[in-house]
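Okay, thanks for making time, everyone. Let's pull up the structure and walk through it together.

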Amino acid sequence: MSFTAPIQLPGLVLNPQWYRSAVFYEVMIRAFVDSKGDGAGDLTGLASKLDYLQWLGVDALWVPPFFTSPLKDGGYDVSDYKAILPEFGTVEEFRDLVTKVHERNMRIIMDLPLNHTSDQHDWFEQSRTDPDGPYGDFYVWSDTDEKFPNVRIIFTDYEDSNWAFDPVRRQFYFHRFFSHQPDLNYENPAVHAAIFDVVRFWLAMGVDGFRLDAIPYLYESEEGNGEGEPPTHDFIRALRSMVDDEFPGRVLIAEANQWPREVAAFLGTDEEPECHMAFDFPVMPRIFYSLRSQHAGELIQVLSETTDIPTGAGWAVFLRNHDELTLEMVSEEYRQAMYGWYAYDPRMRVNVGIRRRLAPLLDNSRSELELVHALLFSLEGSPFLYYGDEIGMGDNIWLPDRDSSRTPMQWTPDRNAGFSSADPGQLYLPVVQSLVYHYSHVNVEAQLAQSRSLLHWVRNVIHVRKAHPAFGLGSMHVLETDHESVLAFVRSHEGAVSHPSEPAEDILCVFSFAHNPISVTISAEQWADRTLTDVFGGERFPSVGADGLITLTLGTQSFYWLHLGHPTRRH
Ligand code: BGC
């Protein structure tokens, strides 16, 4: 396979706000390419596919944990923060990956599960065996399991308490997630120092930042619910300040599955910044809700709520990731509706969410896949793709927990989908062989050979997005419409004289969630008389009226991205 080299955008290399116009791609090392033939993906395998990712238009990789780990929670159970799991490779191979990523003017973000460790971490071993030793206070120990009564259980399918009894120390320890993942004790300054040390270790190796896993849960209190407690924010502020001082240009991304105002709090303020970006958990489930309800109202409401963030901060917009499609932040009524539409088989559910991949969720509907990707690439913030979704990969709901959507990447119709040369029985998870999503036809090679494939479509949209700085850097103004199924907004970028590659521009984005063709009138007073041109094909549409109204027809579940130009002067 050969790929044409993309044009490198001038200014991106040194731009400290590079993350605002970047396209991110979550890639699980274990699932991408097995270069050694042992049945699991590795660092060298990932490095061998950087040409593909660059061709696709990816600017930055987000790599879930690759630390030493017993892998009882996909690597989020770390047993040594400074060592790499041998099956993934060596520190040298990681350095080589970072170099190769940077040579392509791409970036690499790693995951940092800093709320908890594995119970096999040496810190925990020492904590349980030597309560008076240096690690005695590294975890949250208690003589009762009744502390922190307002803290909810997250893995509701697997745990019935946030406390577990340790027979060695003969005390209970607190765990927000699985009982094999004891929470670190952030009341202890030595824990801060240890985590800062880990952060410095990897930043010094050249990584471009971290996804801060489970960041709301660092501190607990008797009164609060243990989510975004004030000292948690103090810790993030201190971390940010260290990173800005010692490693400018590196980023912190918050994984905070919270309500809109709480998520925004993890970005801090202009005076006291916290993370550079935060995953847009409030928006994500509402995209899926709009698709089936044919109502854009909820999405419009949440988009209007979440826009007030500090200068330079950004949203990390996503559709799917390695976890379940969480329904924690929707009302009970909406949750039940979503289960009915998207998880009609109980096997499709886990905890408070849905453990399916994007294409199966959307019943492999091409128009829905295009609609949601068009949203992903035009909403305010930076888009995060999940590996395999660019080819519409399927899932395997017969696998346990979230493994359903962590199966090997499908590269070719050959053995093991081209992922590995191992005996098929040796793979860390089987490749998808279902009727609709079988790797014999859903694979990169086949989609490269079809010019109208989803892969080519996604790549094209990514490149169109990149040609318009308004998508990465512009503000978003949601417009009123007279149709409940329509979301319309304008992305506006003022442009910068010093950056001729970033001209001022306004782009009108219109999405119809209706299951039939519709006609809609949109109010865009601010843009009265402006011309409208389709950004994909260059076709001129009727201009915005002198009254600021625009009437459009849209086909079933479709969208427009229309450039708002200046009318030529009348004589
Ligand atoms: C990760 C999950 C993981 C959990 C506990 C999360 O937020 O995304 O995959 O299971 O942290 O470590």
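So, let's go straight to the ligand. There are 13 residues around it, and the ones that come nearest are D73, H116, E255, D323 and R402. And before I go on, please keep in mind that this is a predicted model.

Now, the polar side chains here. E255, which I just named among the nearest residues, puts a polar side-chain atom 2.7 Å from an oxygen atom of the ligand. For H322, a polar side-chain atom sits 2.9 Å from a ligand oxygen. And with Q181, the distance from a polar side-chain atom to an oxygen atom of the ligand is 3.5 Å. How much of the ligand's accessible area does the protein cover? On its own the ligand has 310 Å² of accessible area, and the protein covers 97% of that.

Okay, moving on to the packing. The largest nonpolar core has 168 residues. If you want to find it on the screen, look for Y25, L61, F94, W202 and W561, which have the most contacts inside it. Which helix gives the most to this core? That's α6, residues 189-204, with 8 residues. Then there's a second, separate core, this one of 20 residues, and V510, V520, I522 and I550 are among them. As a general point, nonpolar side chains tend to be buried together in soluble globular proteins.

V510 takes us to strand β20, which runs over residues 505-512. Of its 8 residues, 8 are buried. You can go through it face by face: E505, I507, C509 and F511 are on one side, D506, L508, V510 and S512 are on the other, and all of these are buried.

And what does β20 pair with? One partner is β19, residues 486-493, antiparallel, over 8 bridges. Another is β25, residues 559-565, also antiparallel, joined to β20 by 5 bridges. I507 is a handy residue to click on here: R491 stands opposite I507, and in β25 the bridge partner of I507 is H563.

While we're on β20, a word on cysteines. C509 is buried, at 0% relative accessible area, and C275 is buried too, at 1%. And how many disulfides does the model have? The count comes to 0, taking a disulfide as a pair of cysteine sulfur atoms within 2.5 Å.

Next, a small sheet. This one is open, with 3 strands in the order β6-β8-β7 and antiparallel pairing. Strands β6 (141-142) and β7 (163-166) are at the edges with a single partner strand each, so one side of each has no neighbour in the sheet. Between β6 and β8, residues 171-174, there are 2 bridges, and S142 stands opposite F172 in β8.

Last stop, the backbone. Most residues other than glycine have a negative phi. Here are two with a positive one. L71 is not a glycine, yet its phi is about 55°, and you'll find L71 in the loop between β3 (67-68) and β4 (80-84). D529, again not a glycine, has a positive phi of about 70°. Its place is the loop between β21 (518-523) and β22 (531-534). Is D529 buried or partly exposed? D529 counts as partly exposed, because its relative accessibility is 28%.

Okay, that's my tour.

Definitions and conventions:
Residues numbered from 1 in each chain as written. Predicted model: local features only at pLDDT ≥ 70, side-chain atom pairs only at ≥ 80, totals over all residues. Heavy atoms only, no water. Buried < 20%, exposed > 50% of the residue type's maximum accessible area, 1.4 Å probe, protein only. Core = buried A, V, L, I, M, F, W, Y, C linked by side-chain atoms within 4.5 Å. Helix = DSSP H or I, 4+ residues; strand = E, 2+ residues; numbered from the N terminus. Near = heavy atom within 4 Å. Polar contact = N/O pair within 3.5 Å; in protein donor to acceptor, adjacent residues only side chain to side chain. Areas by Shrake-Rupley, 256 points an atom, 1.4 Å probe, with all protein chains shown as cover. Pairing = 2+ DSSP bridges.
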